[in-house]
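Work through the exercises below with the sequence and the 3D view open beside the text. Try each task before reading its solution.

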Amino acid sequence: MNDLTRYRLCAGLHAPASSKLLYCYLLDMAGGRHHSVVISIKNLAKSVGLSRSATSRNLNRLRRLDMIGIVPRYSEDGGRLSNQYTLK
């Protein structure tokens with residue numbers, strides 16, 4: 001996906017600017033091939049300059065808009081790992 005297509009896709013979202021920012025950042029991280037990213041909310045928030053709560057709220061908003069899928073991951077002993085975000 002080239003930059004112009006990606007920016008038009010983000011501009012067409014009916015969501016707040018912070019949600020668009022997160023979606024564009026996830027698109028950039030995915031690299032256009034895999035359509036999925038594994039990153040913690042803490043690192044994602046730090047990368048885009050939002051608080052953890054704002055990041056979590058906007059990720060759930062993108063999930064409700066069916067723009068991303070959120071898959072929780074667990075270690076073998078049942079501990080939580082970073083979520084996997086799948087772009088749709």
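The exercises that follow concern a predicted model, and they go from one helix to its neighbours and then to the sheet.

**Exercise 1.** Find the buried residues of helix H3 (residues 41–48), and work out how they are placed around the helix.

*Solution.* Begin with the burial of each residue, where buried means under 20% relative accessible area and exposed means over 50%. By that criterion, the buried residues of H3 are Leu-44, Ala-45 and Val-48. Next, look down the axis of H3: the buried residues fall within an arc of 100°, so they line one face of the helix. Then turn to the other side of H3, where Lys-42 and Lys-46 are exposed. Finally, follow the buried residues outward, and they are found to pack against helix H2 (17–30) and helix H4 (52–64). Just after H3, the chain reaches Gly-49, which takes a positive phi of about 85°.

**Exercise 2.** Determine how H2 is oriented to H3, and which residues make the contact between them.

*Solution.* The axes of H2 and H3 come within 11 Å and cross at roughly 105°. Angles of 65 to 115 degrees count as roughly perpendicular, and H2 and H3 are therefore roughly perpendicular to each other. As for the residues, Leu-21, Leu-22, Tyr-25 and Leu-26 of H2 meet Leu-44, Ser-47 and Val-48 of H3. Sorted by class, this contact of H2 with H3 has 6 nonpolar residues, 1 polar residue and no charged ones.

**Exercise 3.** Carry out the corresponding analysis for H2 and H4.

*Solution.* Here the axes of H2 and H4 come within 9 Å and cross at roughly 80°, which makes H2 roughly perpendicular to H4. On the side of H2, the contact is made by Ser-18, Ser-19, Leu-22, Tyr-23 and Leu-26, and on the side of H4 by Thr-55, Asn-58, Leu-59, Arg-61 and Leu-62. The classes in this contact of H2 with H4 are 5 nonpolar, 4 polar and 1 charged.

**Exercise 4.** Establish the order of the strands in the sheet, and decide which strands stand at its edges.

*Solution.* The sheet is open and is formed by 3 strands in the order S1-S3-S2, with antiparallel pairing. Strand S1 (36–38) and strand S2 (68–74) each have a single partner strand and stand at the edges, so one side of each is left without a neighbour in the sheet. Neighbouring strands of this sheet are turned by 20° against each other on average, direction ignored.

**Exercise 5.** Trace the pairings of strand S3 (residues 80–87) with S2 and with S1, and then place H4 relative to the sheet strands.

*Solution.* Take S2 and S3 as the starting pair, which is joined in the antiparallel sense over 6 bridges. Within it, Gly-69 has Thr-86 of S3 as its bridge partner, while Ile-68 stands opposite Leu-87 in S3. The hairpin of S2 and S3 has 5 residues between the strands, and in this hairpin Gly-78 takes a positive phi near 95°. Moving to the other pair, S1 and S3 are joined in the antiparallel sense over 3 bridges, and Val-38 stands opposite Gln-84 in S3. As the last step, bring back H4, which lies across S2 and S3 and runs at about 120° to S2.

Conventions. Residues numbered from 1 in each chain as written. Predicted model: local features only at pLDDT ≥ 70, side-chain atom pairs only at ≥ 80, totals over all residues. Heavy atoms only, no water. Buried < 20%, exposed > 50% of the residue type's maximum accessible area, 1.4 Å probe, protein only. Helix = DSSP H or I, 4+ residues; strand = E, 2+ residues; numbered from the N terminus. Arc of directions from axis to C-beta. Contact = heavy atoms within 4.5 Å. Pairing = 2+ DSSP bridges. Axes fitted to C-alpha atoms, helices over the stretch in contact; angles between N-to-C directions. Parallel < 35°, antiparallel > 145°, perpendicular 65-115°, else oblique. Nonpolar A, V, L, I, M, F, W, Y, C, P; charged D, E, K, R; others polar.
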